[in-house]
Amino acid sequence: MRQALFVLDLDRCTGCAACVVACNNENEVAAENGWRRIHTFNEQRLATAPVFHFTLACNHCVEPACLHNCPANAYTKDASSGAVLLDQDLCMGCRYCTWVCPYEAPTFNPEAGVMEKCTFCHHRLQEDRVPACTTACPTDALRFERHGDPAAVDRAGFPETGLLPAIRIEGSRRQIAPSMTAAPVAVNVASPPQPVGWKGLANEWSLWIFTSVATLVVAWFASGVAQGVAVDLPVFAAAGLLAMGISALHLGRITRVWRAVLNIRRSWVSREVVLFSAFFTGACFATRIEMPLWLLWSIAALGFASMFAMDMVYRVPGQPVLTIPHSAMAMLSIAFYIGILTANPVLLWPTGVLKLVLYLARRDRPTPGGSLLAPIRIGVGLLPALTLAATGEIAVVAALVGAVIGELIDRAEFYASLRFLTPGRQIDHDVVQHEGLAQMGLGPGA
Amino acid sequence: MRVEVEDGRLRAIESHPANLATPEGVCLKGLSYIERVSAKDRILHPLQRTSAGDFERITWDAALDRITAELIAARDRHGPRSVFFYSGSGTKGLLNEVSTEFWRLFGGCTTTYGDLCWPAGLEASRLTLGDNKHNAPWDLVNARLIIFWGKNPAENNIHQMRFVEEAIDRGARVIVIDPRRTQSAEGAELLVQIRPGTDGALALGIAHHLVARRTVDEAFIREHVHGYEDFTSMVRAYPPDRVAEITDVPVEVIGHLADLFGSTAPASICAGFGMQRYTNSAQTMRSLIALLAITGNLGKPGAGWIYANLQSDIFSSVREPLALYPPDDDDDPIRVSISTALLGPRMLEQRDPELRVAWVERGNPVTQNPQTTKILEAFRALDFRVVVDQFLTDTAREADIVLPAKTMFEQTDVIGAYWHPYIQIKAKLIVPPGEVRPETEIFWELAQRLGLDADGVAAHIPAPSDEAVEAWLERRLEPFPEISLNRLRQGPVLAPGTQEVAWSDGVYPTPSGKIELLSEEAAERWGAEVLPTYGPNTERPAEGQAEAFPLHLLTPNTKNRIHSQFGNLPTIRGLEPDTSCEMSPADAADRGIADGDRVRVFNDRGSVEITVRFDNSLRPGCVVVHNGWWLAEGGGINLLSAARETDMGHGAAFHDNAVEVERAV
């Protein structure tokens, strides 16, 4: 494998965006869907920090997270250049690559229903020409090398999650702010943290419904096995099929949903889909065919495994918000549900209390409504179940209905507060660090 | 630049390797021409205003017939000078001369003098040095001290940055003098955030030190400088504490700058255009050049006054700034009576005849000239308006007839430049889209309809064909044997006689033949002091005092646009989605304004409502709104600027602009 490389000189880059325009021109990309973007460090021009720019498209990583994690195997890595290429005919538009790529390289094209991204100007490389963005740079800040040796990048503002991005970042002069004669000294510059809204949930509502129903379905079956009671097939099957059907609605190309199972070797999405489908099929058969207990438990184990895979889907390196552990994570929820369904204090106490602690510990309640929902989530979702554990003097159905309401709220907040690493978030984080260091007299701007 | 065309469409734009000033890449505006040429909102057909106030498509015949009738009516009833011809700098090229020739054949017209852009600096340079030229762009790598004085090349002269970076690699030191922390300041060791409009005082304060410490170049002064003795007596009046008070630059920083000037050579001052848009700015620019003169930083590699390089302007019989001035007498049929800085009021004041008809091309005066309200009033007072443009700008929206304009790829022309010294061709590469016709064709058609003198038309206006245009250009190039269209097609040509190091011959075409720190002409022509003294500009909010309008409004350019052009393109809009007012959090806190608030920026001339964006490094007391956003886009910052000239050169003092900001309710 030969690996080409972008070289970016932070001293020379002025953030002019000629590379962005050149990319749009060359690849005939619509401006709003651009493959290359400028990410400015310290855009608010805090006096203690330097201002510099990362122009980033795809970094054609040696360990491309998009490729490894694509459930549909739509990505390949070109052997002659190391270019990470997306085959739009294979992409089902699940957008999972946008979660795992910290550089915002893949962008979703709503018209085509699939992703698109920088190709390293693969067509130009084949003609022995360099990428258009590097040709266009008026200051020679962005360059291209045919053979490179990608290494970890240690730069304030640059997301580094171990993917070996094929970009070398040069320049050091602009790591300190210029001395200024009139910059305000004692103004509180730290911008208040942006409140978490519900946009994340609006984007992922179909996954909210799928995960909420799937946890119930797995818990229902497992409780049945534990108690020697078979689940009711029509209701069980309807719930499972509906959940899976709704989950497919988030795809840009729903007819390619079958491709979701193709990358079981590396993708937690594929594993989740395969495991849940296997569990669901087995569970449905179990209602009609007499099975030994070990087989029933094996099917339940597939369900547990699918829930583990579900949690792992949301664990993405570098994300600023914890998804494991989270009070609405799937593994915890099924254990909690099984505790209720089997009225088992040994399961209920630890899971219920852990959920309560994790929920209370979380600070970023979505607005509006987060503060109103919290008492419901606890009062209706957790207290009846814990009462059941403590006294047994509450109907299982009542505890279950309350728990479902509570879990729906919690899982909704999970999606609302879902955050993945992006250059913008890395910059926001590091600018504040820069500022903090400087104020303590330790930073370069001091 | 080199352009790749595929199936009659622009496919790619790259830099031309033979232009040594721009070896790496084209700026984003140039690249965006691919989008611009085929933009959805480009005007492709003549348009006529309807009674409802919007525009409908009409045929060329209908448009030209109506224009012909209106021109004849105005000429017959009020005389040809009742027709106002306004042209901006939106498209450059020799063929622009055809417009003036047309109006001369028409019998005359009224037109403007002066310039919005840079004439105060041009005049300061001409008075001091005799002409406007500077070292070739690539010579800047030889500088050891580079002062960006009111200039932001990282945004507005991006190709200079390559040479700046190389100079830094070779050990040059960079200082930026600007109230704003611009992108250019990021590579500098020091940003001197001076009080706007006081740069002249700072220069004199530095000169005071240099003279007092005798760290001047006495040999150079003896040979090349006129008026040094008077200058030294004058700068005694600018001791550091007084200068610090005027400029708000700390005394020790003034001393530091003087140390640098006295000890670091060669030094170049790259001066910005914004700094010379004040009512005291030609004097400012003269005092800046004086610093270079007394330290011997002219006529040498790496040294110089990098302001305007008109060495490629070999075609004008009189170069700018003289070409911008009104004639001394009024015997030409073309009446040059309207200062473009005073466009609105002067249009309204014209008598014998009053203005009845306006023809606007290559410009968008409603957005870009000072004091928009007056300009709108003046345009709306006319009987009939024609605007030639590529897009429905604020000015085009005021027109009765809008005619589509070409882009640079749709008619062959020849251009010079004002930074690098090359003559270049803009070859016709594509057929104009839709029904677009180049201005020369429009004028040729009108000349036929108006029955203008056929010999005159044949001599001055090319017929509508590529061959006629090329023949016209070849005739224009005849005096220059080095240059022909065929030679230019091979690549850029250095203008004949170009000095890579300006003034290296020591010839300064001033009255004394020397660099004139003392200029009698400054006094005779402009009534200014013969020496470059400092005087306060007109609108000067005294900081910390209760005043109606206590903030300086700066309206600089951005990298994303050239004035009011390009902002309508989706790519550019993606880079800069809306217009905003940059403000120091300190000033915002005083007014109860939070980051992202909608605010009203206003003074007694007008007001705009706009979103605030905090700039934590902006000099308090200044607010910044980039110019160029159309009224139709929620912009129109020239609603606030005053129709007012600079002290010399008939420029526009845009930055003499005191305002207040309050939260919008």
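This note goes through a sheet that joins chain A and chain B, and then the contact between the chains.

1. The model is predicted, so local features need pLDDT of at least 70 and side-chain atom pairs count only at pLDDT 80 or more, while totals for chains, interfaces and linings use all residues. Residues are numbered from 1 along each chain as its sequence is written, and chains are lettered from A, with ligands numbered from 1, in the order in which they are written.

2. An open sheet of 6 strands runs in the order 10(A)-9(B)-8(B)-7(B)-11(B)-12(B), with parallel pairing. Helices (H or I, at least four residues) and strands (E, at least two) are DSSP runs, numbered from the N terminus, and two strands pair if DSSP finds at least two bridges between them. The edges are strand 10 (179-180) of chain A and strand 12 (304-306) of chain B, each of which pairs on one side only.

3. Strand 8 (residues 173-177) of chain B has 4 of its 5 residues buried, where buried means that 20 or more other C-beta atoms, placed from the backbone, lie within 10 Å of the residue's own. Strand 8 of chain B pairs in the parallel sense with strand 7 (residues 145-149) of chain B over 5 bridges, and here R173(B) stands opposite L145(B). Strand 8 of chain B also pairs in the parallel sense with strand 9 (residues 190-192) of chain B over 3 bridges; in strand 9, L190(B) is the bridge partner of I175(B), and L191(B) is that of V176(B).

4. Where does the sheet pass from one chain to the other? Strand 10 of chain A pairs in the parallel sense with strand 9 of chain B over 2 bridges, and the bridge partner of S179(A) is L190(B).

5. Helix 13 (residues 281-294) of chain B packs on the sheet, touching strand 7, strand 11 (267-271) and strand 12 of chain B, and its direction makes about 165 degrees with that of strand 11. Such angles run from 0 to 180 degrees between N-to-C directions, with axes fitted to C-alpha atoms, for helices over the stretch in contact.

6. The contact between the chains takes 40 residues from chain A and 46 residues from chain B, two residues being in contact if their C-beta atoms, placed from the backbone, lie within 7 Å. On the side of chain A that touches chain B, helix 1 (18-27), helix 5 (132-136) and strand 10 of chain A give two or more residues each, and helix 1 gives the most, with 6 residues.

Note on methods:
Buried ≥ 20, exposed ≤ 12 C-beta atoms within 10 Å, placed from the backbone.
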